[in-house]
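Student: I am new to this structure. Can you teach me how to read it, feature by feature?
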Amino acid sequence: MFSYLKKNVQARFAAFLNKRMPAKNRYVLANANIFILPSKFGVSFLGFCLLLFILGTNYQNNLIVLFSYLLVSFFVTSMLTCFFNLYRLEVIQSEIAKGFAEKNINLPITIKTQKDRHDLHFEYLDNSPRIEKYIGIGSFQTSIPVYFETRGRKKLKRIKISTNYAFGLFTAWTQLDLNCEVIVYPVPIEVSESGGAHHVKPEYVEDNLPSATNIVSGTDDFHALSPYKTGEPLAHVSWKHLAKTGTWQTKHYTDSESRQVWLSLNEMPSNRLETKLSMLCYLILEYEKHGEAFGVNLNGQIIEPHNGSEHIEHCLASLAVYNKREL
């Protein structure tokens, strides 16, 4: 019965928020979207004030009554201080966050303020909050940790921004739908020569590349120059050409047998789709580490061989949304 009532209240409150604060990328906090209530400590403090007032009036002690009035005025001042710590705060989110499943992903948030702010908590669902003890005048960049167990393109729910500054008697908060998405990549799983696999951190890469692929770009013979693209290895930059002309060019080499690297989903040693995608994710990170060009074949969805950060992000994003209904 209690759980049913709780779900019903939560559904009604969510409908209220959707109507009062519809999804958008920019909010300016004001009376319409800030909520404030006494904290547990604040309720206890107010009860103590009431007790002092009753004692003072019962024993006709004006000093105790005056002291209770003083504490109540402090209580009201604390409420206003807490409210104005959020009031007129501008919150902006305009980027799609990207990261790996089963690992915290930092959602970038821009904060703009015309006065100093203190002790702000940024939280998504039940994840650990990001606490900013001080935000000065101007524009400030922070991030909110979000967590997902599965890959895909995820639509974020409302984020919570709260504060109990300055004395902890009140908690002021807001819940904002910033209309943003997160692309969650598969968890990388290392591919061993025996076909086994185990979980690895995204930044971890073995020294030896898998031997079941053919190399498209090598180191033996100079092949051609092409305009430099962001993310390409600096070791391949033609520094002599840059010194003479001021133009960034990348040197390409080929081995005696120029063959292309193709990472195929069907070739992954597993019967489960999610495991195959995780293995493919690991191989992509391997080739990123070594600066090698490669292409990806996702059951007919072809990503042409290349290298660089944009190519890596394209490949990982394709793995994230492969065969998913979100798109």
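The dialogue below takes up sheets, helices, aromatic rings, cysteines and the backbone in turn.

Tutor: Start with one caution. This is a predicted model.

Student: How do I read a sheet?

Tutor: Begin with the general idea. Strands of a sheet pair through backbone hydrogen bonds, either parallel or antiparallel. Now take a case. One open sheet has three strands, in the order S4-S12-S9, and its pairing is mixed.

Student: Which strands are the edge strands there?

Tutor: Strand S4 (97–100) and strand S9 (152–155). Each of them pairs on one side only. On average, neighbouring strands of this sheet are turned by 25° against each other, ignoring direction.

Student: In what sense do S9 and S12 pair?

Tutor: They are antiparallel, with four bridges between S9 and strand S12, residues 181–185. Look for lysine 155: opposite it stands glutamate 181 in S12.

Student: Which helix lies across S4, S9 and S12?

Tutor: Helix H6, residues 309–321. Helix H6 runs at about 95° to S12.

Student: Where else can I practise on strand pairs?

Tutor: Try strand S5, residues 105–113. Strand S3 (residues 90–92) pairs with S5 in the antiparallel sense, over three bridges. There, glutamate 90 has lysine 112 in S5 as its bridge partner. S5 also pairs with strand S8 (residues 138–146), again antiparallel, over nine bridges. Threonine 113 has glycine 138 in S8 as its bridge partner.

Student: And S10, what pairs with it?

Tutor: Strand S6 (residues 117–124) pairs with S10 in the antiparallel sense over four bridges. Tyrosine 124 is matched with isoleucine 159 in S10. S10 and S11 are antiparallel as well, over five bridges. Lysine 160 is matched with glutamine 175 in S11. S10 is mostly covered, with four of its five residues buried.

Student: How do I read a helix?

Tutor: Here is the general idea. An α-helix has 3.6 residues a turn, so residues three or four places apart point the same way. Now look at helix H3, residues 62–84. Its 23 residues should span 33 Å at 1.5 Å a residue, and its end C-alpha atoms are 33 Å apart, which agrees.

Student: Which residues of H3 are buried?

Tutor: Val65, Ser68, Leu71, Phe75, Ser78, Cys82 and Phe83. Their cover includes strand S2 (35–38), helix H2 (40–58), strand S10 (159–163) and strand S11 (170–176).

Student: What does H5 look like?

Tutor: Helix H5 (residues 273–290) has 18 residues. From first C-alpha to last, H5 reaches 26 Å, close to the 26 Å expected. H5 is mostly covered: 13 of its 18 residues are buried. Just after H5, glycine 291 takes a positive phi of about 70°.

Student: How do I read aromatic rings?

Tutor: A pair of aromatic rings is described by the distance of the centres and the angle of the planes. The count here is 16 aromatic pairs. Take tyrosine 287 and phenylalanine 294: their ring centres are 5.7 Å apart and their planes are at 40°, so the pair is tilted. Both tyrosine 287 and phenylalanine 294 are buried. There is also one aromatic cluster formed by Phe41, Phe45, Phe74, Phe75, Phe167 and Phe170.

Student: How many disulfides are there?

Tutor: Zero, by the distance rule for cysteine sulfur atoms. Check the burial of two cysteines too. Cysteine 49 counts as buried, at 3% relative accessibility. Cysteine 82 is buried as well, at 0%.

Student: Which backbone angles should I look at?

Tutor: Look at positive phi values in residues other than glycine. Glutamine 60 has a positive phi of about 50° although it is not a glycine. Glutamine 60 sits in the loop between H2 and H3.

Student: Is glutamine 60 buried or exposed?

Tutor: Exposed, because its relative accessible area is 71% and the cut-off is over 50%. Asparagine 299 also has a positive phi of about 50° and is not a glycine. Asparagine 299 lies in the loop between strand S18 (294–298) and strand S19 (301–306). At 43% relative accessibility, asparagine 299 counts as partly exposed.

Student: Where is there a cis peptide bond?

Tutor: From tyrosine 165 to alanine 166, with omega near 10°. Alanine 166 is in the loop between S10 and S11. The hairpin of S10 and S11 has six residues between the strands, and in it glycine 168 takes a positive phi near 75°.

Terms used:
Residues numbered from 1 in each chain as written. Predicted model: local features only at pLDDT ≥ 70, side-chain atom pairs only at ≥ 80, totals over all residues. Heavy atoms only, no water. Pairing = 2+ DSSP bridges. Helix = DSSP H or I, 4+ residues; strand = E, 2+ residues; numbered from the N terminus. Axes fitted to C-alpha atoms, helices over the stretch in contact; angles between N-to-C directions. Contact = heavy atoms within 4.5 Å. Disulfide = S-S within 2.5 Å. Buried < 20%, exposed > 50% of the residue type's maximum accessible area, 1.4 Å probe, protein only. Expected span 1.5 Å × (residues − 1). Phe/Tyr/Trp six-rings, centres within 6.5 Å; stacked < 30°, edge-to-face > 60°.
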